[in-house]
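Me: Got a minute to go through a model with me? I'll paste it here, and then I'd like to ask about it piece by piece.

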Amino acid sequence: MSRRGSTALAGDPAAGAVSTGSAPGAADPPIGTARRQLPTAAWALPPVLILAAVFLYPLALVVQQSFSPDSGGTSLQPYTDVFASTAFREALGTTVWLAVGATAGCLVLGFLLALVVAFVPFPGGKAVAKFIDVFLSFPSFLITLALLFVYGTVGMANGVWTDVTGAHSGPFQFLTTPWGVLLAEITYFTPFVMRPLLAAFSQLDTAQLEVASSLGARPARIVRRVILPEALPALAAGGSLVLVMCLNEFGIVLFTGAKGVTTLPMLVYSKAILESDYPAACVVAVVNIAISVGLYGLYRVVSRRVGA
Amino acid sequence: MLVHSRGGRWATWTVFFALFLPVFALPLLVIVAASFATNWSGAFPSGFTTGHYGAATTGDSLQALTTSLVTALTASVLALIVGAWAALAAAALKKGGRRFMDALFVLPVAVPSVVVGLAVLVAFSKPPVLLNGTRWIVILAHTVLVMAFAYQSVSAAILRLDPMYEQAAASLGARPLLVLWRVKLPLLLPSLTAAAGLCFALSMGELSATMMLYPPDWTPLPVQIFAITDRGSLFTGAAVAVVLMGTTLLVLLGVSRIRTRASFR
């Protein structure tokens with residue numbers, strides 16, 4: 001049972017998702033399965049029915065509503081209307097570039113930080129890993145709230161600037177732009193990359209590093225030729241998870257309070273709650289579901305394929 | 001050990017903390033610092049006060065705290081029951097069936113939570129089940145959202161379970177239900193409590209779906225924080241945020257104590 005070594009990550013979404021599909025055949029069919037065939041399948045029925053009632057049925061209604069314009073009947077009218085609007089196109093563009101940018105940032109930052117925690121150990125490294133766990137259990141919007149105090153119009157950075165230079169206002173005014181959202185997303189989602197990376201690094205045989213190093217390889221070369229290939233599955237899994245989460249992030253954008261930054265989830269919210277335009281909200285929701293379920297499916301396939 | 005020279009190690013650590021502290025530790029510290037301040041226009045907050053905590057633990061905010069606690073507790077328990085049941089049932093299925101259950105029960109993670117909120121709103125604002133305007137619509141949405149995480153952690157734990165125990169029990173003549181109750185569930189208890197803690201923390205911080213659904217008399221903490229900061233009372237918002245973080249941490253700590261005690265058995 002070599003799998004026993006990876007118990008450390010039982011409690012978190014990323015690791016749970018990663019390890020779910022990774023061990024086919026671990027639960028051997030109990031003796032006498034054939035005799036109890038029908039009852040075993042029947043046991044799965046109640047939770048599936050509950051899920052269908054509270055989740056699948058509502059989703060189906062959203063899809064149905066997206067084909068039902070306010071004028072009545074069933075038509076593609078809501079889709080053509082929404083796709084023609086600039087608000088939707090801009091939201092789609094903003095969502096995608098923010099998600100891709102934040103994912104790239106998280107991967108770079110997460111890889112560097114995990115590298116140090118795993119391979120240049122220092123006293124307190126365990127505490128850092130614990131801190132990351134705690135960090136993951138806080139909601140995302142707290143980061144935006146904190147950034148308001150750090151880079152806000154009267155926050156820390158601008159306060160220092162005006163104190164030092166005597167200027168009337170500071171230069172940090174990016175919080176209500178997409179860059180503020182990007183910074184908050186990178187901050188919040190980097191730990192989601194670090195978790196699977198640290199798990200992967202802990203399984204790496206350090207003798208390989210010692211051998212490479214004793215043969216004269218410089219640290220940069222060891223990272224490139226030994227560690228990076230080992231880390232690729234974890235990077236792929238963590239990166240695609242973060243990509244999906246960034247696409248769906250709502251709290252950070254809402255707290256930024258920027259009129260100029262509209263992402264797809266934000267558009268769903270404003271169409272449904274602020275404008276009460278349910279068909280349009282449902283159309284945006286269907287597009288959002290298609291993108292994120294598609295990517296999530298890809299993430300599951302990738303993480304299963306590489307066995308991360 | 002990747003870097004062998006002493007100087008190189010110190011340089012690496014310096015770079016590490018120069019990245020780590022501002023990016024991860026600073027935001028949390030800043031919120032705590034701001035919750036005690038009346039003013040922040042320089043490098044450091046000024047005007048020490050505990051007054052914001054007075055506002056954060058009375059009236060609307062206190063009600064929001066109890067609302068959040070009740071919602072998170074109910075949603076976690078419901079999600080854990082359904083999720084663990086589904087995971088246990090899925091583990092007994094053949095490979096195809098297990099894949100199907102896996103895909104089905106992780107779907108709520110893949111669907112954006114705002115959309116889950118919208119879907120629940122659309123579905124339960126009309127007969128046959130009319131929940132809009134009640135607290136149950138919020139609890140229902142939270143349950144759906146955290147159920148996937150409960151399912152994932154429990155099914156990951158089942159995969160790691162040594163099948164020898166249940167096979168031994170079964171070979172001694174124990175019926176499947178007895179094996180489940182006396183062997184599987186006790187062995188899974190640590191993961192179940194861990195999953196419960198995770199569900200609770202997620203539900204405490206849930207904002208997206210809640211924003212779509214909350215009735216005026218059932219305002220959870222994240223919505224309350226948004227309402228306060230949106231009004232411009234950033235410092236009170238920070239104090240309420242500290243209350244939220246503290247409560248979440250306390251519950252997680254309590255849950256991890258249960259876990260260590262259970263794993264001694």
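Reply: Sure. One term before we start: domain bounds here come from an automatic or database domain assignment. Also, this is a predicted model, where local features need pLDDT (the predictor's confidence in each residue, from 0 to 100) of at least 70, side-chain atom pairs count only at pLDDT 80 or more, and totals for chains, interfaces and linings use all residues. Residues are numbered from 1 along each chain as its sequence is written, while chains are lettered from A and ligands numbered from 1 in the order in which they are written.

Me: OK, what are the domains of chain B, then?

Reply: Domain 1 covers 1–49 and domain 2 covers 51–264. Taken over C-alpha atoms, the centres of those two domains of chain B are 32 Å apart.

Me: And how many residues of domain 1 of chain B are in contact with domain 2 of chain B?

Reply: Seven residues of domain 1 of chain B are in contact with eight residues of domain 2 of chain B. Contact means that the C-beta atoms of two residues, placed from the backbone, lie within 7 Å. On the domain 1 side, four of the touching residues are nonpolar, three are polar and none is charged. For those classes, Ala, Val, Leu, Ile, Met, Phe, Trp, Tyr, Cys and Pro count as nonpolar, Asp, Glu, Lys and Arg as charged, and the others, Gly among them, as polar.

Me: What's the secondary structure of chain B?

Reply: Chain B has eleven helices and zero strands. Helices (H or I, at least four residues) and strands (E, at least two) are DSSP runs, numbered from the N terminus. The C-alpha trace of chain B spans about 70 × 70 × 30 Å along its principal axes.

Me: And chain A, how many helices there?

Reply: Chain A comes to 14 helices, with zero strands.

Me: How much of each chain is buried?

Reply: In chain B, 51% of the 265 residues count as buried; in chain A, 47% of the 308 residues do. A residue is buried if 20 or more other C-beta atoms lie within 10 Å of its own, exposed if 12 or fewer, and partly exposed in between, with C-beta atoms placed from the backbone.

Me: What about contacts between residues 24 or more positions apart?

Reply: Counting contacts with a separation of 6 or more, those residue pairs account for 77% in chain A and 72% in chain B.

Me: Switching topic: how many residues does each chain put into the contact?

Reply: Chain A gives 87 residues and chain B gives 86 residues. On the chain A side, helix α3 (residues 45–66) has the largest share, with 13 residues. That side of chain A divides into 65 nonpolar, 17 polar and five charged residues.

Me: Which residues touch the most other members of the largest nonpolar core?

Reply: Those are A:V268, A:V284, B:L118, B:A150 and B:C199, in a core of 184 residues. A nonpolar core is a set of buried Ala, Val, Leu, Ile, Met, Phe, Trp, Tyr and Cys residues joined through C-beta atoms within 7 Å. Helix α6 (residues 135–160) of chain B supplies the largest share of this core, 18 residues. Domain 1 (1–49) and domain 2 (51–264) of chain B both give residues to the core, so it lies between them.

Me: What does B:A150 touch?

Reply: Leaving aside neighbours within four places in sequence, B:A150 is in contact with B:A79, B:L80, B:G83, B:A84, B:A195 and B:C199.

Me: And B:A157, buried or exposed?

Reply: B:A157 counts as buried because it has 24 C-beta neighbours inside 10 Å. B:A157 is in helix α6 of chain B.

Me: Where is B:L244, and what does it touch?

Reply: B:L244 lies in helix α11 (residues 234–264) of chain B. Not counting residues up to four places away in sequence, B:L244 touches B:M204, B:L221 and B:I225. With 26 C-beta neighbours inside 10 Å, B:L244 counts as buried.

Me: Any backbone oddity? What's the phi of A:S276?

Reply: A:S276 has a positive phi of about 50 degrees, although it is not a glycine. Most residues other than glycine have a negative phi. A:S276 sits in the loop between α13 (264–274) and α14 (278–305) of chain A, and counts as exposed because it has 10 C-beta neighbours inside 10 Å.

Me: Last one: what are the confidence scores?

Reply: The model scores ipTM 0.83 and pTM 0.83. Chain B averages a pLDDT of 85, and 97% of the residues score at least 70.
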